[in-house]
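User: I'm new to this one, so please pick a single part and walk me through it closely. After that, carry on into the rest of the model in one go.

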Amino acid sequence: MKKLSFLLILLAVTVISQAQIATNIYWVKFTNKADSPYSIDNPSEFLSQRAIERRERLGIDIDEYDIPVNPQYLQAVADCGAQILNPSKWLNGVSVYATSQSVIAAINALDFVETVRNCPNYPEAQRDKELWLADEMKDSGEPVVAKDYYGGAHDQVYQLRVNELHDMGYDGTGVVVAVLDGGFVGTDEHYCFDNMREEGRLLGVRDFVYGSSTVYSQSTHGTSCLSTMAAYDPNTMVGTAPKASYYLIHTEDGAGENIVEEYNWVSGAEYADSLGVDVCTTSLGYIDFDMPQWDHPFAHFDGNTAPMSIGAEIAASRGMICMNAAGNEGGGTCTLGIPADAEHIVTVGAVDASGQRAYFSSVGPTYDGRVKPDVMAMGEDTYVASGYPGGWYGDYYNGSGTSFATPVLAGAVACLRQARPNASVQEICDALRAAGNYANSPNNYYGYGIPDFVAAMNMLNDAVDETENHFFNVFPNPGKGNFKIVINYEVGDIEGKIYDNIGRIICNVMSVNELENTLNNLSSGVYQLKIDTSKGSQTVKVVICK
């Protein structure tokens with residue numbers, strides 16, 4: 001995580017000593033998964049029933065990526081004298097701890113090992129992070145007026161119209177969210193999470209940094225992020241998904257800046273996937289490391305080069321909706337942090353309560369020219385819970401950063417997933433973009449803008465319901481300008497019209513080919529496609545996200 005970016009790390013002496021360990025961490029990549037005892041025909045051996053059901057509901061096949069790392073390979077690496085840390089089935093490798101070069105040589109000699117990558121850091125990194133404390137965790141000092149049931153969170157909830165989803169009964173109930181972060185100091189104590197704990201909606205925790213049995217250490221950052229979704233303290237703070245269920249996963253090591261943290265994150269995302277998590281939210285990002293040879297130049301920001309970006313893409317392909325903070329590096333050319341460049345995740349930038357972009361919010365484009373961030377949410381003077389209730393910031397405070405914008409939006413997405421359980425990840429991501437206030441003119445400062453979640457829900461309803469039992473379908477919908485209109489049965493001559501979002505006729509043609517050509521050349525936005533025939537009429541809403 002770049003120094004000025006995402007986390008305020010609260011370091012303890014124990015963490016300082018652990019920083020030395022990372023000098024001897026290595027990533028071991030395997031060549032294959034041959035002779036594995038696992039099979040895609042028996043997924044219950046490595047996926048929970050909830051994960052299997054999610055794949056079935058979304059039409060996702062279980063494939064080679066789901067097969068765990070071959071345990072025989074892990075045992076062979078351990079037999080060389082290395083300590084096994086975190087395997088990754090998606091990247092087909094494992095992070096290990098080893099102090100002897102003879103051990104590394106023995107691992108390199110194994111015929112199923114492709115590469116061994118050293119991932120060191122140094123104690124100086126800790127001092128760097130202490131010098132560059134993130135602005136996110138500093139209270140802005142702005143007075144907060146509790147306006148209603150949502151308390152200090154009113155503006156961040158209402159900006160997305162999530163309150164209206166809550167009024168419809170979509171409050172995250174039954175949806176599972178994983179929060180991958182750098183620590184959750186205070187989550188086990190703050191009273192805003194009492195309701196979550198009492199109702200058994202804190203489903204579990206997992207530490208992929210030190211392998212400990214707790215995540216309630218090292219940083220309060222995860223606690224503040226979690227509160228934007230899970231807080232339930234009526235008239236003081238209610239989050240965007242107050243009735244969702246949560247897993248807390250620790251992947252970021254505050255003691256240094258080490259590329260192994262990207263591998264930690266991938267292992268954490270795999271764990272979340274195996275549990276059947278619906279929404280995965282991460283307020284982390286990586287650009288520069290303690291060892292410059294692992295830094296990410298602009299060319300890496302293509303969505304498929306950095307380990308964490310590759311993992312994020314695979315996570316999305318499994319059916320998890322992945323949200324990631326854009327970063328806090330401000331304007332320029334691609335000031336994003338990995339994995340914000342990944343194509344099939346939702347990268348979130350920050351705005352203030354009035355909808356103006358926060359000066360610190362990172363921008364795109366990606367190396368391959370895609371618009372990033374995707375959407376925006378309130379990340380300036382965001383109301384969050386403190387990890388130290390009763391401490392110097394009090395129980396709540398206003399913080400700023402894309403770290404907070406991201407979970408605000410992730411909680412809203414959890415409500416959207418509850419409302420539309422059968423929509424694909426791509427459909428949900430496209431609907432968010434199409435429902436943004438910059439959907440007709442996306443750019444690298446605002447992306448597609450602030451999404452209107454009521455509009456996004458309605459778009460998904462149309463996309464799911466209107467394609468069944470009618471005489472024509474539009475695929476894909478939402479789409480990027482590659483639409484195909486399929487007439488399901490003989491209807492004779494047709495007259496087709498396309499209307500923009502305020503009802504103006506864009507075209508009036510007499511053939512499917514002309515309709516397709518017009519659709520595919522339109523800019524991003526929401527349109528109505530109407531086809532009249534001698535047997536009746538049908539209108540379909542078409543969402544274009546370019």
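Analyst: Lysine 484 is partly exposed, with 47% relative accessibility; on this scale, buried means under 20% relative accessible area, exposed means over 50%, and partly exposed is in between, using a 1.4 Å probe and protein chains only. Before going further, keep in mind that this is a predicted model, where local features need pLDDT of at least 70, side-chain atom pairs count only at pLDDT 80 or more, and totals for chains, interfaces and linings use all residues. Residues are numbered from 1 along each chain as its sequence is written, and side-chain values use heavy atoms, with hydrogens and water left out.

So who does lysine 484 pair up with? Lysine 484 makes a salt bridge with glutamate 516, and their closest N and O atoms are 4.0 Å apart. The rule for a salt bridge is a side-chain nitrogen of Lys or Arg within 4 Å of a carboxyl oxygen of Asp or Glu. Lysine 484 sits in strand 17 (residues 484–487) while glutamate 516 sits in helix 15, so this pair ties together parts 32 residues apart in sequence. Helices (H or I, at least four residues) and strands (E, at least two) are DSSP runs, numbered from the N terminus. Glutamate 516 counts as buried because its relative accessible area is just 9%.

Now for the sheet in this part of the model. Its 4 strands make an open sheet, in the order 19-18-20-21, with antiparallel pairing; two strands pair if DSSP finds at least two bridges between them. Strand 19 (505–509) and strand 21 (536–544) are at the edges with a single partner strand each, so one side of each has no neighbour in the sheet. On average, neighbouring strands here are turned by 15 degrees against each other, direction ignored. In the middle of that order, strand 18 (residues 494–499) pairs with strand 20 (residues 525–533) in the antiparallel sense over 6 bridges. Glycine 496, for one, stands opposite isoleucine 531 in strand 20.

Helix 15 (residues 512–520), home of glutamate 516, packs on this sheet. Helix 15 touches strand 18, strand 19, strand 20 and strand 21, and its direction makes about 10 degrees with that of strand 18. Contact here means heavy atoms within 4.5 Å, and axes are lines fitted to C-alpha atoms (for helices, over the stretch in contact), with angles from 0 to 180 degrees between N-to-C directions.

The pair we started with has company, as the whole structure holds 22 salt bridges. One of them joins glutamate 199 to lysine 243, with the closest N and O atoms 3.1 Å apart. That pair also links distant parts of the chain, 44 residues apart: glutamate 199 is in the loop between helix 8 (194–198) and strand 6 (202–207), and lysine 243 is in the loop between strand 8 and strand 9. Glutamate 199 is partly exposed at 43%, whereas lysine 243 is buried at 19%.

Aspartate 368 and arginine 370 form another salt bridge, with 2.9 Å between the closest N and O atoms. Aspartate 368 is partly exposed at 44%, while arginine 370 is buried at 15%. There's also a network of salt bridges linking Arg54, Arg55, Asp63, Asp66, Asp273 and Arg318.

Back in the loop that holds lysine 243, between strand 8 (237–238) and strand 9 (245–250), you'll also find threonine 240. Threonine 240 is buried, at 1% relative accessibility. Leaving out residues up to four places away in sequence, threonine 240 touches ten-odd spots you can click through, including Val157, His166, Met229, Pro407 and Cys415.

Helix 13 (residues 425–434) is mostly covered too, with 8 of its 10 residues buried. Among them are Ile428, Asp430, Leu432 and Arg433.

Last, how far should you trust what you see? The chain's mean pLDDT is 87, and 87% of its residues reach 70 or more; pLDDT is the predictor's confidence in each residue, from 0 to 100. Over residues 122–135, though, pLDDT stays under 50, and the model gives that stretch 30 contacts beyond four places in sequence. Residues 464–469 are also below 50, with 9 contacts in the model beyond near neighbours in sequence.
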